[in-house]
Amino acid sequence: MPHWASMVRLLETFFRHRLLLLGPVVLVLVGAIGWVLVQPPTYQSSVRVWVERQTLVPDPNSNPYLTPAQEQAGVLTELISTKYFDAKVGKRSPLSEAIKAASSHGSGGIRTRLMRLVGLAGPGGQLSDSQVDDQVFNTIVASTLVVPTGPEIITVTFGSSDPQMASLVAQAVVDQFMDETLTNQRVQADAAVAFYTSQVKQAQSDQAVADKAVDDYLLSNPSQRSANAIPDARMLQLRRDDDAAHQRTQSVLDKLDQARLERVALDQTGTAGVRVLDKAETPTQPASVKKVIIEAVGVGLVLAVLIVVVGVLVLTWLDSTIRRPQEVETILDLRPVGSVPRVS
Amino acid sequence: MSAVSQDDHSKRPASEARPVRAKAPKPPAEDVRIPRQMLEVCRSASLLLGGPNIRRLGVTSALREEGRTSIALAMAVVQREDYGRRVALVDMDLENPSLARRAGLEPWPGLAELTRHDATVEEVMQPLSDGVLVVPSGVLAASAARTMTDIVKADVLSELERQVDVVIADLPPLLGGGPGSSASRAFREILLVIRAGVTPVARIKEATDDLPVVPHVLLNDIHTSLPRWLRRLSGR
């Protein structure tokens with residue numbers, strides 16, 4: 001069976017070069033374990049947020065098949081992936097200052113230098129504002145986790161080696177999110193008020209024109225003034241237009257009132273549809289290193305398997321020798337008369 | 001028995017070559033140890049090559065260190081033991097003769113002396129065991145290539161064939177610039193020894209391209225790196 005023969009050949013290559021192949025594997029695993037050991041303890045702080053669907057100012061883009069928590073978690077995750085939002089969180093919390101301070105205090109330890117080598121840490125020395133924002137962005141993106149933990153509850157978790165920093169940044173993320181949500185809603189409400197105000201003006205102007213048209217017609221046709229007078233066709237048309245102008249004005253006025261009410265309501269607390277249930281607290285114990293270990297070992301194993309598989313394939317491909325009697329016929333097209341086993 | 005370095009003799013010109021001396025009859029050398037498994041494989045290989053009908057067989061390889069001499073020895077022993085034939089085992093690896101040294105025999109007189117008529121057929125044949133006679137390469141008076149050409153041209157092997165039932169020759173390797181290719185032209189049956197896992201296919205093909213006959217292949221030193229449990233699982 002050719003497939004089985006190929007498999008046996010690959011296995012033979014593996015066992016023949018097992019030291020050569022397993023050496024890098026051991027190195028990778030040792031490296032992964034070393035990575036775990038040099039990781040500083042991480043503290044995690046979480047904020048639980050209640051979110052609800054907007055009824056006061058309905059969002060036309062709202063997806064009815066998603067829970068409010070899923071929807072808002074998506075929005076928050078999107079915001080976190082922007083430098084604009086993260087820079088504001090950095091300034092709101094001590095994160096920006098901490099990064100600035102860290103950069104001015106030397107080039108960091110071995111771990112920082114190693115991370116800098118692979119591009120996971122920023123450059124050393126005094127950082128510019130833009131570089132600080134970049135590092136804040138990288139830190140928040142890498143260390144923040146937004147999870148909808150219920151239909152209307154989002155949990156925002158931030159991890160840091162400093163417990164106080166963890167709680168302050170987690171809270172800052174949520175506060176900035178609430179500000180962004182509220183600002184967005186206020187902008188929309190202001191736009192609605194401005195729009196309906198202009199609509200009211202236009203409706204009132206139309207209404208005045210209709211009123212004047214009726215008055216002018218009555219002046220020129222005194223017979224139509226009497227209470228018992230039967231209105232002619234023209235009079236009927238003018239009155240109908242006038243009633244319609246009144247109705248439209250009233251309708252636009254109602255909408256303007258509603259928009260003004262919504263705008264005023266947005267100045268009240270708790271109307272953004274987002275409310276903090278559990279504030280961020282300073283963690284007293286570091287988070288479990290289980291996740292780091294699992295990640296490091298996982299990455300190490302994947303790398304190890306990759307090294308072994310690629311190594312075996314390359315070594316098998318490079319081996320251009322005859323190893324079995326069958327190969328004498330298939331590769332050399334010669335007749336084998338025997339094969340002498342190795343005498344050990 | 002004095003062990004004379006073959007290299008010293010190879011460098012010596014013909015005029016200074018050691019004269020053939022009349023030697024006292026020697027007892028047959030001790031049997032060279034040949035692994036039992038190798039003998040078994042050579043036994044079945046002999047059958048496939050014609051068994052008692054083989055007259056002249058050249059054992060060669062693409063490169064050195066492939067087990068050519070051991071296989072030639074084993075084939076000679078099989079011919080003697082299985083068919084009771086008188087065998088002349090000829091060392092034609094003129095540049096690096098090892099048969100005589102390995103068998104504990106005198107390195108000369110041999111094929112070179114026989115070609116130059118410095119020795120008779122009876123003088124160059126040294127008994128290895130009962131019925132197996134070794135013909136060493138002897139002392140070269142000219143280059144290996146020239147000597148090989150003379151051996152082939154003078155048809156020395158036919159002369160040996162008349163004395164024994166079968167001639168088995170340990171030929172030089174086909175590659176490496178030696179006279180392996182010209183030596184192989186004196187044989188109708190060639191056994192090519194390939195060392196498993198060592199000789200590259202390209203080198204084997206290069207070696208066999210020039211051969212006048214299609215060689216039979218004997219794969220030597222085959223082994224597996226698979227652990228025993230995996231071999232049992234794979235049925236190997």
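## The shared sheet

Two strands count as paired here if DSSP finds at least two bridges between them. In this predicted model, eight strands form an open sheet with mixed pairing, in the order β5(A)-β7(B)-β6(B)-β1(B)-β5(B)-β2(B)-β4(B)-β3(B). The edges are held by β5 of chain A and β3 (126-129) of chain B; each has a single partner strand, so one side of each is left without a neighbour in the sheet. From one strand to the next, the twist averages 25°.

At one edge, β5(A) runs parallel to strand β7 (residues 216-222) of chain B, and five bridges join them. In this pairing A:Gly338 stands opposite B:Leu218. At the other edge, β3(B) pairs with strand β4 (residues 132-135) of chain B in the antiparallel sense, over three bridges. B:Pro127 has B:Leu133 in β4(B) as its bridge partner.

Helix α2 (residues 36-49) of chain B lies across β5 of chain A together with β1 (56-61), β6 (189-195) and β7 of chain B. Its direction is at about 170° to that of β5(A).

## The contact between chains A and B

Chain A gives 23 residues to the contact and chain B gives 35 residues. On the side of chain A that touches chain B, the elements giving two or more residues are α1 (2-16), α11 (325-332) and β5 (335-341). The largest share, seven residues, comes from β5(A), the strand that also stands at an edge of the sheet. By type, this side of chain A divides into 14 nonpolar, four polar and five charged residues.

## Chain B overall

Chain B has 11 helices and seven strands. Of its 236 residues, 48% are buried. Among contacts in chain B between residues at least 6 apart in sequence, 79% join residues at least 24 apart.

## Two helices of chain A

Helix α3 (residues 68-80) of chain A has 13 residues, which at 1.5 Å a residue should span 18 Å; its end C-alpha atoms are 18 Å apart, so the two values agree. The buried residues of α3(A) are A:Pro68, A:Ala69, A:Glu71, A:Gln72, A:Ala73, A:Leu76 and A:Ile80. An α-helix has 3.6 residues a turn, so residues three or four places apart point the same way.

A:Thr197 belongs to helix α8 (residues 163-220) of chain A. A:Thr197 counts as partly exposed because it has 14 C-beta neighbours inside 10 Å, a count between the limits of 12 or fewer for exposed and 20 or more for buried. The C-alpha atoms of A:Thr197 and A:Leu256 are separated by 6.4 Å, although the two are 59 residues apart along the chain.

Key:
Residues numbered from 1 in each chain as written. Chains lettered and ligands numbered in written order. Predicted model: local features only at pLDDT ≥ 70, side-chain atom pairs only at ≥ 80, totals over all residues. Helix = DSSP H or I, 4+ residues; strand = E, 2+ residues; numbered from the N terminus. Contact = placed C-beta atoms within 7 Å. Nonpolar A, V, L, I, M, F, W, Y, C, P; charged D, E, K, R; others polar. Expected span 1.5 Å × (residues − 1). Axes fitted to C-alpha atoms, helices over the stretch in contact; angles between N-to-C directions.
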